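Thank you all for coming; I would like to walk you through one structure this morning, starting with its aromatic side chains and then turning to a helix. Please have a look at it first.

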Amino acid sequence: MDESTQKNHLKAYGITYWCLSKNYKVNWLLNYRGGSFLLPDVSEIRKECQIRGVSFEILSDAEQDLIRKEIASPSQNMETVVLERVPKIAVYTPKGKQPWDDAVTLVLTYAEIPFTTIYDEEILNDQLLLYDWLHLHHEDFTGQYGKFYAAYKNVPWYIEQKKAAEVLAHKLNFEKVSQQKGAVAKKIKNFVIGGGFMFAMCSATDSFDIALAADGVDICGPMFDGDDSDPNYQAKMNYANSFAFKDFILERRPDKYEFSDIDMTDLRKIPMEKDYFTLMEYSAKWDPIPSMLCQNHTQIIKGFMGQTTAYNPAVVKSNVLVMGSCALNGEARYLHGEKGKGMFTFYGGHDPEDFQHRVGDTPTVLDLHANSPGYRLILNNVLFPAARKKKQKT
């Protein structure tokens, strides 16, 4: 899985997932040649790699022993992690999800990793219990329809989506969309607390935390839900309910395309050619989970924007790991934390291979980006729930 020899990093994850589904033993060699996978040498795995265009090498028993000894050496920041279960994957996404495509759905499809799409009705009916891993599409859990009001309030897709959301809320016995989305956010929170893994990108990250902190508080203006927001709603925020963020200030203006000061999009003055963020390095032997989540063939990742591009480090909770950050302005890009028995990861930006993806833009063609380091981070999150549980030491 290093940079020079792997022709298709993304499909290699699909091969690994496929091997787990066939009950083959898989080892993830953390920090060894870009985070390589050690698979059994059987003809059907070789054939599957050839069909999918994934590079592989055949090792003798002696070569394998040498690699294992190198990894086990205390002087090497490497570790062998056993992958032994097939994570059941759900993607939280609406059926009519225009105008947004979704990077996770794109890369799961490209890597040929199976997933099931679910939405509010399924979650409120406790179907999350069927899954190990949940991705949140670019959702607005605050009930403000993505804060698209100023630019798109008269556009047909916005009008239709708002109407459809209201119909669904009433069908599910909620007076307002914001109340329904808040109930969904709490179900997802309980899924994580109970041992689930949650991954979110872009606006699904901060809007999720805002919805949790605003439980029982009306933060929506009349253009969103037909009545005024609660007086002084900022003072009623309960940051203890949120996953990653604390002390954030909500954006009150309905015509402002922003939820709060969690996001740093408007503060960024970084030209595209200089926009990169750096992955943190962790001890593979002592901190295998963040090490798995940061496996890559480079530590320097191209930046990319979204409605929520990056996180203000001043509002990130102290118990949350900042696994990727931009040195030019100190913004956090890639976060990970624990909640109860489960874990979550927040990844800023919309599409790792489209610097400034706009409403209505065509989806990225991943055949052109088969070795994308930014997309690899998504697939790290898909695969790490397969690992044999090992107590974290720090």
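Let me begin with Phe148, which counts as buried at 7% relative accessibility, where buried means under 20% relative accessible area, exposed means over 50% and partly exposed lies in between, with a 1.4 Å probe and protein chains only. Before going on, I should say that this is a predicted model, in which local features need pLDDT of at least 70 and side-chain atom pairs count only at pLDDT 80 or more, while totals for chains, interfaces and linings use all residues. Residues are numbered from 1 along each chain as its sequence is written, and side-chain values use heavy atoms, leaving out hydrogens and water.

The structure holds 24 aromatic pairs, a pair being rings of Phe, Tyr or Trp (its six-membered ring) with centres within 6.5 Å, called stacked if the planes are under 30 degrees apart, edge-to-face if over 60, and tilted otherwise. Phe148 and Tyr152 have ring centres 5.7 Å apart and planes at 90°, so this pair is edge-to-face. Tyr152 is partly exposed, with a relative accessible area of 23%. Tyr239 and Phe248 are also edge-to-face, at 4.9 Å centre to centre and 80° between the planes, and here Tyr239 is buried at 18%, while Phe248 is buried at 0%.

Now to helix α4, residues 103-111 (helices are DSSP runs of H or I, at least four residues, and strands are runs of E, at least two, numbered from the N terminus). Because 7 of its 9 residues are buried, α4 is largely enclosed by the rest of the structure; among those buried are Val107 and Tyr110.
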